[in-house]
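Hello,

Here is the structure I promised to pass on to you. Please open it alongside this message, and I will walk you through what turned up.

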Amino acid sequence: ANLEVVFVHHVEEEKREFTKQEIRDVVGTPSLEELKKMVFGKYKHPEWLTKLLLVDLFSGPIDGYPLHLCIAGPPKTGKTKSIIDPIWAVVPDVKHNGQSTFKGIVPSFGGSGIDGFNEGALLKADRMCYLDEFLTPVVTGSKNNSEISNQFGKFNSILDWNMGEISSGKGGISAANPTMQLLACTNFQHGLSDIVQAAGKLNNATMSRILWYVQNQENIDFIHRETKNIMGIPLDERLPEQTESIMNLYDFFKMKENFCKINMDWVFKKYSEYEEIVPDALKDVYSRYDHHLACIVDGASKLRWLIGEKEDFKIVDEKDYALAEELFSIIISSWATDDEAMKAMPKRARVKHLGSNERNVYEHISEYGGSQLDELKAAFDEFIHVSLEKLQALELIYVYDGKYYAFWHTFVKEKQLEAGEIGQNNISQW
């Protein structure tokens, strides 16, 4: 059955322009903790995910279109309530609930609008277009993969902000000028279990225009813990205060004169390095990720300026590039579907994808260093060897003289436990 399409909280307020001083007068210089409350209210996320979402929000269009983000994962992992709903509260625009076809998302003729033209959610939105259950048409609609791919391909020119005029084929023509940024969430279900399977059904050219983050285990475990902490608080009280501050920031950072001076040689170099570890089935999806990485750099510089860590967001520094690569590495590592693929990823990104038991053991070893087996058995259980074997296979811990160390410990380098280049990852610094 089709789910109802919902358009709510859409504001027609004209976008405003601000100077740096004017925007500082509006929002001040919030700390990161204060900014989290301004955007997410009582909802919390791992810090790197918080930064990713803020970087996405503040990044500007590059090469004519913005950073579109889709967060995918299993059901009941807080994608809608803790991500879409809070951001929608502070940057209100069009929100669309999933249904079994793409009708209501992309433009179409044959409706009750002017000349029978329906804009669809993407064209209707001025700032952010929020799409919930983004893959529902794929997992519950047509079983014809070619038809699904063709339907999904209708997104391309809209996501590129390059649509122009569209015709019904029967003489009806309407102008279409997209200005929206897409923030989507979706579940993997109904036989669709990972991004590789999604790429097998969807138009890869369309997928390449979107930054796909597959929720890692650290993210999922964090959400489950936080859900317990906010249960009993009414839903509306969990949301951030609905002021215009964040929407004004959004407009300010999207102004064309507020784009950062990005070293594109760095972007292309990192893009090429990470391409080497992208699964073959996702190479086409990755094809536009140089654009996405550049947008992440832009947003990272603006975020650090906003919270008072730098004087001028237009000048990108080493810390901006480091933050951008950290976030990008976590995104790309979220695509890995087995241990061998994970071993190609930067080690700090691998940690995010550990199962709950392995990550608890890793964090213990990481915190204390030189942990002995008896100590680990006492802290966990007699099955500790299973977790240790997994962590060693992923080259996240090393053993010396019966003691366990995390890969980043100075002791590991001093003793060359990683055997020179083996176990290191040259894509990103440890």
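Before the details, one term is needed: two strands pair if DSSP finds at least two bridges between them. Please also keep in mind that this is a predicted model.

With that term in hand, start at residue V399, which stands opposite Y404 in β12. Strands β11 and β12 run antiparallel and are joined by four bridges. They form a hairpin with two residues between the strands, where D401 takes a positive phi near 55 degrees. Y404 also has a partner elsewhere, as the bridge partner of S371. That second pairing is between β10 and β12 (residues 403-406), which is antiparallel too and has two bridges.

Put together, these three strands make an open, antiparallel sheet in the order β10-β12-β11. Its edge strands are β10 (371-372) and β11 (397-400), each pairing on one side only.

Two helices lie across this sheet. Helix α19 (residues 356-368) crosses β10, β11 and β12, at about 95 degrees to β12. Helix α21 (residues 384-393) lies across β11 and β12, and runs at about 105 degrees to β11.

Have a look at S387 while you are there, a residue of helix α21. Is S387 buried or exposed? Its relative accessible area is 8%, and the cut-off for buried is under 20%, so S387 counts as buried. Setting aside neighbours within four places in sequence, S387 is in contact with N357, E358 and V361.

The model has another sheet for you to find. This one is open and parallel, with five strands in the order β2-β5-β8-β1-β9. At its edges stand β2 (94-96) and β9 (211-214); each has a single partner strand, so one side of each is left without a neighbour in the sheet. From one strand to the next, the twist averages 15 degrees. Inside this sheet, strand β5 (residues 128-131) and strand β8 (residues 181-187) run parallel and are joined by four bridges. On β5, you will see C129 opposite L182 in β8.

Next, the nonpolar interior. In soluble globular proteins, nonpolar side chains tend to be buried together. Here the largest nonpolar core has 128 residues, and W212 and W335 are those with the most contacts inside it. Helix α15 (residues 289-306) gives the largest share of this core, ten residues. What does W212 touch, not counting residues up to four places away in sequence? The list includes C70, F134, L135, I195, M207, V285, Y289 and I331, along with S334 and W335.

One last stop is helix α7 (residues 145-152), where I148, S149 and F152 are buried. Why are these residues on the same side of α7? They sit together because they cover an arc of only 100 degrees around the axis. An α-helix has 3.6 residues a turn, so residues three or four places apart point the same way.

Enjoy exploring, and write back with any questions.

Best wishes

Methods: Residues are numbered from 1 along each chain as its sequence is written. This is a predicted model: local features need pLDDT of at least 70, side-chain atom pairs count only at pLDDT 80 or more; totals for chains, interfaces and linings use all residues. Side-chain values use heavy atoms; hydrogens and water are left out. Contact means heavy atoms within 4.5 Å. Axes are lines fitted to C-alpha atoms, for helices over the stretch in contact, and angles run from 0 to 180 degrees between N-to-C directions. A nonpolar core is a set of buried Ala, Val, Leu, Ile, Met, Phe, Trp, Tyr and Cys residues joined through side-chain atoms within 4.5 Å. Buried means under 20% relative accessible area, exposed over 50%, partly exposed in between (1.4 Å probe, protein chains only). The arc is that of the directions from the helix axis to the C-beta atoms.
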